[in-house]
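Welcome to a short tour of a fold, written to be read with the structure open beside you. Take a moment to turn the view around before reading on.

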Amino acid sequence: MAVLRFSFGTMGSGKSTLALQIHHNLDSRGLQGLLCSQLDRTDGKVSSALGVSADAVEVGPLLNLFELAVAMSDRAHGLDYVICDEAQFYRPEQIEQLARVVDELDTDVYAFGLLTSFQGVLFEGTQRLLELADESVEVQVEARCWCGTRATHNARLVDGVQVYDGTLMVVDNPDDQQVTYELRCRRHWLTGDSGPDGTQVVAAHATASAQ
Ligand SMILES: [Zn+2]
């Protein structure tokens, strides 16, 4: 029986590295795979923070993943597995298409993605994956908040100050603000506390909000 497995983790938890490792292991055994990603660091590739990369299909919002898989499985070598990176950004209906790939083509699907956004809510694609996956597993690489507690949340910082509103994806940056991301435990994600090194910034923020 084929399975739809969703592996989730924070930013920097090595999801892309794991996706590439699975692709490498199956590919080196002569299995035929389809590698998909979206809005990755490099166009049309799955790349990991460790510097490995492989060619991937860029998943636009209109791409029908089931039809793509059917087309590939009809070819001479067939299709043995599908690997989807950055799956949090996929449309809910695309996740449903992945479930059909498992059920109707008997092809394994390995999806990787973030659980929650910097706003602290489930991504659309993630929610549908949690609802439909046969297995949901956490990628755990002991990512830590500055306080030493396990990091479970992604914080977006604009000019060093944590923000909770804004577009999901920063495409351009007209104000020339410095957008960065940090891993936090829930407590420090909720309080927006950047820790001892960020004290000055947080204090400035507190002063600004008090006015
Ligand atoms: Zn913390």
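Which strands does helix H3 lie across? In this predicted model, helix H3 (residues 92–105) lies across strand S1 (4–8), S6 and S7, and its direction makes an angle of about 155° with S7.

Those strands belong to an open sheet of 6 strands, ordered S5-S2-S6-S7-S1-S8 with parallel pairing. Strand S5 (57–58) and strand S8 (135–138) are at the edges with a single partner strand each, so one side of each has no neighbour in the sheet. Further in, strand S6 (residues 81–84) pairs with strand S7 (residues 108–113) over 4 bridges, in the parallel sense. One bridge to look for joins Val82 to its partner Val109 in S7.

Now to the helices. Helix H2 (residues 65–73) packs against H3 at an angle of about 35°, and their axes are 7 Å apart. These are the residues that make the contact:

| Helix | Contact residues |
|---|---|
| H2 | Leu65, Phe66, Ala69, Val70, Ser73 |
| H3 | Gln94, Gln97, Leu98, Arg100, Val101, Leu105 |

By type, the residues of this contact are 7 nonpolar, 3 polar and 1 charged.

Leu98 appears again in the largest nonpolar core, which has 34 residues. Cys36, Val82, Cys84, Leu98, Val109 and Ala111 have the most contacts inside this core. At least two core residues come from each of S1, helix H1 (15–27), strand S2 (33–37), H2, S6, H3 and S7. Cys84 is a good residue to click on: leaving aside residues up to four places away in sequence, Cys84 touches Cys36, Tyr90, Leu98, Val109, Ala111 and Phe112.

Methods
Residues are numbered from 1 along each chain as its sequence is written. This is a predicted model: local features need pLDDT of at least 70, side-chain atom pairs count only at pLDDT 80 or more; totals for chains, interfaces and linings use all residues. Two strands pair if DSSP finds at least two bridges between them. Two residues are in contact if their C-beta atoms, placed from the backbone, lie within 7 Å. Axes are lines fitted to C-alpha atoms, for helices over the stretch in contact, and angles run from 0 to 180 degrees between N-to-C directions. Ala, Val, Leu, Ile, Met, Phe, Trp, Tyr, Cys and Pro count as nonpolar, Asp, Glu, Lys and Arg as charged, and the others, Gly among them, as polar. A nonpolar core is a set of buried Ala, Val, Leu, Ile, Met, Phe, Trp, Tyr and Cys residues joined through C-beta atoms within 7 Å. A residue is buried if 20 or more other C-beta atoms lie within 10 Å of its own, exposed if 12 or fewer, and partly exposed in between; C-beta atoms are placed from the backbone.
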